[in-house]
Amino acid sequence: MVDLAKITEPLSLKRFAPGPKAPVVLELDLSEGVVDENPGDPIGQLLNRRKQHYLEVVEGVRRGARDPHVAALVVRVDARSFQLARAQELRDCIADFRSTGKPAVAWADSFGEGGNGNLPYYMATAFSEIVLAPTGMVGLTGLQWQQFFLKGATDKLDVEFEVGRRHEYKSALDTYTETGFTDAHREAVDALLDSFNAQLVEGITEARGLTEERVRELVGSGPVLAEEALDAGLVDQLGYRDQVYSDLLEKVAEERDAAPHLQFVTRYHRRHTPPPRPRVAGGPGHIAVISASGAITLGRSRRSPLSGGTVMGSDTVGAAFRAARQDPQVRGVVFRVDSGGGSAVASDLIRRESELTKEAGKPVVTTMGGVAGSGGYYVALGSDAIVAQPGTITGSIGVITGKPVYGKLLERLGVTTDSVGRGEHAGMFHPDRRFTDSEWERINAVLDSTYDDFVAKVARARGRTWDEIHEVAKGRIWTGADARERGLVDELGGLETAVRMVRDRIGEGALPVRAFPRPHPLDRLRQHESSEDLAASDPETTLSPWGTLAGAAARLGLPDAGPLTMPGYWDLR
């Protein structure tokens, strides 16, 4: 029955006064995946709907560290899709959160199950408390760089490969021409693993209060069972998800004298981020983050349906830089790169647009992700400074090209070819025959010219001589830590380090950071005014049937991302 007396009683302002704000416990689930870029096409957005944007994760955690209403952070740790550099960047972010005195709890069902869990556990050591499920394990099994070599198989098929490179460390096509590591390739990989291993051991040693010898012993005898991990001091508690959450929420309720509520980090960040200002002069403006990942190609960026990743198109990234130069609200740019390279021409075009943005008075700082080598290093040369994590794979300043030769295989199969052409070098890249001496002369000229130009641009950007850069180039890959020692990188760090460097160059305070560009969805339905239109920076919506492997499919097996390409496959999880 309706109580008319309550309806008709005099209104009191107290009834509309805001109550005490409940403390917030931020929540992050890394098993859902984290992406650097928001896909531009509807299909990509659908496939990535459960993945969190990396910028929102990092900025949300850092914002929460300084928000008095945020009481704690709880994270389900899973880094199976991470590379060492991203794990290090998130560790730095968690360390920043903990520096304010707030608890940060990491929990996992298992740090690797039936596989290695080096990176998930390494990331978890940044937290104030680590909880592992009683049936889980800590998969500290050591690091491995693995590469398949197909020469034995191609020999049986009567398929040959002709490869030209500058220089001996440029091993991107060794998988087709060798049966194992060459001396130069093994030297580079050994140095990389030494650096990676030292970084992991040091991080675990410092975080868990163990000796280096003890950590190496545990790694050598892993995986470590849950009870063994607790006894060894690798984890703080054994427990299930419900126990992790109930213990943390009860602790916060007691400290804050109010019932806390959970909120995902990305939701928290969006609710506390003001909408972008119109593109007009005036106001404080913001720092734009332009993210680019995948094999570097000419044309538009697009999604690769085979890898699930993206392709970095020079047209798309170049248009993003042009839009940033024209936008009065953009005060500076952080260029986030995660790429093993690709086309030399496309890499240079992106470098040029970055350089023009810097010359227009808007500082540009490149921050490297897990991999930023070869063409991925080239595109960074137009910026004011380069930032990398200690575990970033970078360098690979070199060039490579080649083709498979199927002549003997075709002959064995009874397949014949015939052609009509004009010009001595017509069809020189066709796989039915080897290069002639005259064709090799032109290929070597291209390789020399591309390498000399690459090294010269690095020398100019880094303030070094050609000979100095050549000594650390030759196609060799380096960790970010080693690259810093050799003058290829300015600072070790991640997104926050790059943002700070841009702010310092602008000479103003804490300008907001925004992903850029973010064209309106309706821009897809209208014709672009010109190549200067902001919408021109939108990725291509059509799908390539082979994505980054389009050239490989066309040539029946040879990767054709471009001459500035990183070698092989590695697994450091």
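Student: Which helix gives the most to the lining of the second largest cavity?
Tutor: This is a predicted model, in which local features need pLDDT of at least 70, side-chain atom pairs count only at pLDDT 80 or more, and totals for chains, interfaces and linings use all residues. Residues are numbered from 1 along each chain as its sequence is written, and side-chain values use heavy atoms, without hydrogens and water. The lining (residues with an atom within 4 Å of a cavity point, on a 1 Å grid over the protein atoms alone where a 1.4 Å probe fits but cannot get out) includes Leu90, Cys93 and Ile94. With 3 residues, the most is given by the helix (a DSSP run of H or I, at least four residues) at residues 84–98, namely α4.

Student: How many nonpolar residues does the lining of the second largest cavity have?
Tutor: Among the residues around this space of about 50 Å³ are Leu28, Val61, Met123 and Phe127. Polar and charged residues are absent from the lining, and the nonpolar count (Ala, Val, Leu, Ile, Met, Phe, Trp, Tyr, Cys and Pro) is 9.

Student: Which element supplies the largest share of the lining of the largest cavity?
Tutor: The search of the whole structure finds 3 cavities of 30 Å³ or more, and the largest has a volume of about 70 Å³. Its lining includes Asn118, Tyr122, Asn197 and Leu200. Two elements give two or more residues to this lining, α5 (118–124) and α8 (183–208). The largest share, 4 residues, comes from α8.

Student: How many polar residues line the largest cavity?
Tutor: Gly142, which counts as polar, is one of the lining residues. By class, the lining has 7 nonpolar residues, no charged residues, and a polar count of 3.

Student: Within what arc do the buried residues of α11 fall?
Tutor: In α11, the buried residues (under 20% relative accessible area, 1.4 Å probe, protein chains only) are Val244, Tyr245, Leu248 and Val252. On the other side, Asp242 and Glu254 are exposed (over 50%). Seen down the axis, the buried residues line one face of the helix, because the directions from the axis to their C-beta atoms fall within an arc of 90 degrees.

Student: Which residue follows α11?
Tutor: Helix α11 has 16 residues, 241–256, and reaches 22 Å from its first C-alpha to its last, close to the 22 Å expected (1.5 Å times one less than its number of residues). What covers its buried residues (heavy atoms within 4.5 Å) includes β1 (24–29) and β11 (261–264). With a positive phi, near 55 degrees, the residue that follows is Asp257.

How values were computed: On a 1 Å grid over the protein atoms alone, a cavity is a set of points where a 1.4 Å probe fits but cannot get out, and a pocket is an open set with protein on both sides within 12 Å along at least five of seven lines; lining residues have an atom within 4 Å of a point. Grid points are joined across faces, edges and corners, and a volume is the space filled by probe spheres set on the points.
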